[in-house]
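User: I'd like a close look at one part of this model, with the surroundings filled in as you go. Keep it casual, but stick to what the coordinates give.

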Amino acid sequence: MGGLAAAGLLVGCGTPVKMFRNAEAGTSQPPNHFFTVDWWTQLVSPSLLEYAPREQARPAYDERNDRVVTLTRDGVVRSIGDGGKEAWRYSVGNRFYAGAAVHEGTVYVPGTDGALHALDAKTGALRWKYVAGEPLGTTPVVEGELILVASQTDTLFAVKRDTGELAWLYRRDAPAGFTIHRTSAPVVRGQTLWVGFSDGALVSLDLADGGVRWERSLAPGAGSTGQFVDVDTTPVLDNEGHVFAASYTGGLHCLDADSGDVVWTSVSQGITSLSLHGEVVIATGDDRLDTYLADTGRLIWSRGLEERAGLDVELVKGMLLVPVQRSLLFVEPRTGKNLLSWNPAEGVTAPVRVVGGKVYVLSNNGYLYALIMDGRSG
């Protein structure tokens, strides 16, 4: 299934036609200078009652078994082998908002059914289930003997990896105003973690017991009635002792990771995802993609997007892969120029999974694609 038709259309048995579009020229062409499609497979059957379906969970990679683990809107966990063959499935029953984590032979599944499921990566058998009682909204973070996962209602759970027992939890009260339907995942370094909440706070916690080291409001003056002050970005750390996070209305912040003191701020609003590459912070948000110098916060470039951006951006083979719901954009990282838009029918909302030179893409119509990245040509 790896070939691309000369006319720029990719057709498979039982699959809809896939259009590849050169973003600058507006012409149809095969993206043979960027990637080839190794294989694809349908995971979710379409429903006539669905309008604008969305898949939001990033695929996970099971290194031991060389499989991809997908969590889809039909509430099913699937382990997919090479060529798109399904090895096993496990049903939770509710749609997912974040992908699984795979670690040492176990798949950790954050369910919106209010439970964290630990599955055998080879067989899909349930090992244990921790009932959090709140819909879980982040990919679990495996750190030592703990599994860290945050709920959509502002609770961070630390669960024992071997037994599924609760080690500790940290909860904050949500603000009275409107919030963004996303959740910050924790980032860990050493015995410290950092995580954001919908009340606009970035909090540093002790990994061992969840004790507060410091907390900082990234939307000063918002108080308990602030609207859209959420810190839904997963924080990112550099090697100079800084942590970066953004409030939806309070802007992008660089703070001292140990003390929480603010180093610099940017007034840019609407940021929902951050990543750090060398000395550059990449921010996605409502209708735009920005890059900033990490040491000063100076804006390098900003480009508009066709609609709300997806979640995390990936840098692969000299290109930024940006899911923007209608399509997956291939962006030149130095200038922000859009090189290619790929719409595999219904677009792409979920972040992609990069494994070496291969990229796994879960499209909004429930197809999983394995792309082999060829890199830029010329």
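Which residue in β34 stands opposite K358? Start there and work outward through whatever that strand touches.

Analyst: It's I372: that residue of β34 stands opposite K358. Bear in mind throughout that this is a predicted model.

K358 opens strand β33, which covers residues 358-362 and pairs with β34 in the antiparallel sense over five bridges. The two strands make a hairpin with four residues between them. In that turn sits G366, with a positive phi of about 85 degrees.

β34 itself spans residues 367-373 and is mostly covered, with six of its seven residues buried. Besides β33, β34 also pairs with strand β3, residues 35-42, through seven bridges, and those two run antiparallel. A handy register marker on that side is Q42, which stands opposite Y367 in β34.

Now for the packing. The largest nonpolar core has 20 residues, and the ones with the most contacts inside it are F35, L321, F330 and V361. Strands β3, β29 (319-323), β30 (328-331), β31 (338-343), β33 and β34 each put in at least two residues. The largest share, four residues, comes from β34. That fits a broader pattern: in soluble globular proteins, nonpolar side chains tend to be buried together.

V361 is a good residue to click on. Setting aside neighbours within four places in sequence, V361 is in contact with L328, W342, V348, V352, Y367, L368, Y369 and L371. Apart from this core lies another, of 16 residues, among them L146, L148, Y170 and V195.

Several of the names around V361 come back when you look at rings. F34, F35, F330, W342, Y367 and Y369 are linked into a cluster by ring pairs. The whole structure holds 11 aromatic pairs. One of them is W39 with Y360, a tilted pair at 6.2 Å centre to centre and 50 degrees between the planes. This pair links distant parts of the chain, as W39 is in strand β3 and Y360 in strand β33, 321 residues apart. W39 counts as buried because its relative accessibility is 4%, under the 20% cut-off. Y360 comes out at 7%, so Y360 is buried too.

For comparison, take F244 and W264, another tilted pair, with 6.1 Å centre to centre and 50 degrees between the planes. F244 lies in strand β21 (residues 242-247) and W264 in strand β23 (residues 262-266), so this pair ties together parts that are 20 residues apart in sequence. F244 and W264 are both buried.

Back near the hairpin's end of the sequence, check the backbone of E346, which has a positive phi of about 75 degrees although it is not a glycine. Most residues other than glycine have a negative phi. E346 lies in the loop between β31 and β32 (353-355), and its relative accessible area of 42% makes E346 partly exposed. D66 is another case: its phi is near 50 degrees, again positive in a residue other than glycine. D66 belongs to the loop between β4 (60-62) and β5 (67-71) and is partly exposed, with a relative accessible area of 43%.

If you want other sheets to set beside this region, there are two to try. In one, four strands form an open sheet in the order β24-β25-β26-β27, with antiparallel pairing. β24 (271-277) and β27 (299-304) stand at its edges with a single partner strand each, so one side of each is left without a neighbour in the sheet. Neighbouring strands there are turned by 15 degrees against each other on average, direction ignored. Within this sheet, β26 (residues 288-293) pairs with β27 over five bridges in the antiparallel sense, and the bridge partner of T291 in β27 is W301.

The other is an open sheet of four strands in the order β8-β9-β10-β11, with antiparallel pairing. Here β8 (101-103) and β11 (126-131) are the edge strands, each with a single partner, so one side of each lacks a neighbour in the sheet. Its strands β9 (residues 106-110) and β10 (residues 115-120) run antiparallel and are joined by five bridges. V107 has L119 as its bridge partner in β10.

So, back to where you started: K358 opposite I372 is one spot in the pairing of a strand that has β33 as a partner and β3 as a partner, and that supplies four residues to the largest nonpolar core.

Technical notes. Residues are numbered from 1 along each chain as its sequence is written. This is a predicted model: local features need pLDDT of at least 70, side-chain atom pairs count only at pLDDT 80 or more; totals for chains, interfaces and linings use all residues. Side-chain values use heavy atoms; hydrogens and water are left out. Buried means under 20% relative accessible area, exposed over 50%, partly exposed in between (1.4 Å probe, protein chains only). Two strands pair if DSSP finds at least two bridges between them. Axes are lines fitted to C-alpha atoms, for helices over the stretch in contact, and angles run from 0 to 180 degrees between N-to-C directions. A nonpolar core is a set of buried Ala, Val, Leu, Ile, Met, Phe, Trp, Tyr and Cys residues joined through side-chain atoms within 4.5 Å. Contact means heavy atoms within 4.5 Å. Rings of Phe, Tyr and Trp (its six-membered ring) pair if their centres lie within 6.5 Å; planes under 30 degrees apart count as stacked, over 60 as edge-to-face and the rest as tilted.
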